[in-house]
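Biologist: Please pick one part of this model and take me through it slowly. I'd like to follow along with the structure open beside me.

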Amino acid sequence: HAAEAQRTDLMTITRHVLNEQGRHPESRGDFTILLSHIVLGCKFVASAVNKAGLAKLIGLAGDTNGEEQKKLDVLSNEVFVKALVSSGRTCVLVSEENEEAIIVDAPLRGKYCVCFDPLDGSSNIDCGVSIGTIFGIYMIKDKDNVTLDDVLQPGTDMLAAGYCMYGSSCTLVLSTGNGVNGFTLDPSLGEFILTHPNIKIPNIGKIYSVNEGNAKNWDAPTAKFVEKCKFPQDGSPSKSLRYIGSMVADVHRTLLYGGIFLYPADQKSPNGKLRVLYEVFPMSFLMEQAGGQAFTGKQRALELVPRKIHDRSPIFLGSYDDVEDIKALYASES
Ligand code: AHG
Ligand code: MN
Ligand code: MN
Ligand code: MN
């Protein structure tokens, strides 16, 4: 009775990670504790996002106009920073919301570095469209000598990465370097339950996702690629355009349905918009782990070496064959 087993044998995210870490018994406890603090932050944001909608309704009667949005950004960041520091398992934190990296005080210091975007897609808060949290995790080199270099590492050194999407349901997608799994928050249990085991992205997709309003400033390979999505010359079907403007939601759809998400360079922003440490790297890690690819226009995204914590990079990520196409266009350019 498989169906019954599914209902009663609940694979929580904690249980899943404990199983996965079985191969590394020495770090089992520490990573699980770190993750449980990240999960706490996600649950807090999920609940705050729901309340924000309600507060807005009440706000219409009063005049708290526009205040909620800023509060939610700052609030989410504070919750994540405090949860991560108090886990006792972190030493360097990089947040989109903090200009400087946070070096954890020695007594609370642990061996993990966490780079995160506490609230991604913030322009979508006010209209109730999906937003998310993104995180990437590294291991410190020397606990007694913590430096910024501990986070200025290529994405290939990442131990784990994930995101949580606050949408019609709350979904946490995680990879510890052993494939990708998705967990959905059961609000009545307060637990993330494995609902999307071993996610694999289709090899080719029917969707492209880009802010096409920037097209006049694109470089030739990007322009050619998007033209090809709309007017394929090789008999393949044209692709549909989907763009939410929340990276988490656009990447989540790309992961499940296939296709390609791009935030390319343009004349105004030669490095694109998205940040390497807490947007490009975690999403690239997940894509590769799911069988897709991530490319910057010059190289494999995970091989970038960031020079500053808030560095940006152009990014093309998604289905293996779709990313092959854009790689070929850049190769024929040079
Ligand atoms: P954030 O809300 O953390 O600042 O990030 C917003 C990002 C990302 O979520 C999204 O993919 C991108 O901005 C959309 O940018 P455009 O509005 O330029 O398309
Ligand atoms: Mn963001
Ligand atoms: Mn953000
Ligand atoms: Mn921002």
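**Around strand β11**

Modeller: Start at Tyr208, whose bridge partner in β11 is Ile260. Before we go on, this is a predicted model, so local features need pLDDT of at least 70 and side-chain atom pairs count only at pLDDT 80 or more, while totals for chains, interfaces and linings use all residues. Residues are numbered from 1 along each chain as its sequence is written, with chains lettered from A and ligands numbered from 1 in the order in which they are written.

Back to β11, which covers residues 260-263. Strands here are DSSP runs of E, at least two residues long, helices are runs of H or I of at least four, and both are numbered from the N terminus. On one side, β11 is joined by two bridges to β9 (207-209), and this pair runs parallel. β11 also has four bridges to β13, residues 315-318, and there the two strands run antiparallel. Look for Phe261 in that second pair: Leu317 of β13 stands opposite. (Strands count as paired if DSSP finds at least two bridges between them.)

What sits above and below β11? Both of its faces are covered. Ile260 and Leu262 lie on one side, Phe261 and Tyr263 on the other, and all of these residues are buried. Buried means 20 or more other C-beta atoms within 10 Å of the residue's own, exposed means 12 or fewer, partly exposed is in between, and the C-beta atoms are placed from the backbone.

Zoom out a bit and β11 turns out to belong to an open sheet of five strands, in the order β10-β9-β11-β13-β12 with mixed pairing. β10 (240-241) and β12 (293-295) stand at the edges with a single partner strand each, so one side of each has no neighbour in the sheet. At the β12 edge, three bridges tie β12 to β13 in an antiparallel pair. Leu317 turns up again here, as the β13 residue opposite Ala294.

Now add helix α6, which packs on this sheet and touches β9, β11 and β13. (Contact means that the C-beta atoms of two residues, placed from the backbone, lie within 7 Å.) α6 spans residues 247-257, and nine of its 11 residues are buried, so the helix is largely enclosed by the rest of the structure. The buried ones are Met247, Val248, Ala249, Asp250, Val251, His252, Arg253, Thr254 and Leu255, so you'll see charged side chains such as Asp250 and Arg253 in that list. Just after the helix, Gly258 takes a positive phi of about 90°.

The start of α6 also leads to the ligand. Met247 is among the residues around ligand 1, together with Gly245, Ser246, Asn211 and Lys273. The others in that shell are Glu96, Asp117, Asp120, Gly121 and Ser122. To be included, a residue must have its C-beta atom, placed from the backbone, within 6 Å of the ligand.

Next, follow β9 out to helix α5, residues 220-230. The helix has Pro221, Thr222, Phe225, Val226 and Cys229 as its buried residues. Seen down the axis, they fall within an arc of 130° (taken from the directions from the axis to the C-beta atoms), so they line one face of α5. Ala220, Glu227 and Lys230 are exposed on the other side. The cover over the buried face includes β9 and also helix α8, residues 320-333.

In α8, have a look at Asp321. Asp321 is partly exposed, with 15 other C-beta atoms within 10 Å. Leaving out residues up to four places away in sequence, Asp321 touches Asn203 and Ile204. Asn203 is 118 residues away from Asp321 in sequence, yet their C-alpha atoms are 5.8 Å apart in space.

One last stop is Asn198, in the loop between β8 and β9. Asn198 is exposed, with 11 other C-beta atoms within 10 Å. What's the odd thing about the phi of Asn198? Asn198 isn't a glycine, but its phi is positive, at about 45°. Most residues other than glycine have a negative phi.

How values were computed
Axes are lines fitted to C-alpha atoms, for helices over the stretch in contact, and angles run from 0 to 180 degrees between N-to-C directions.
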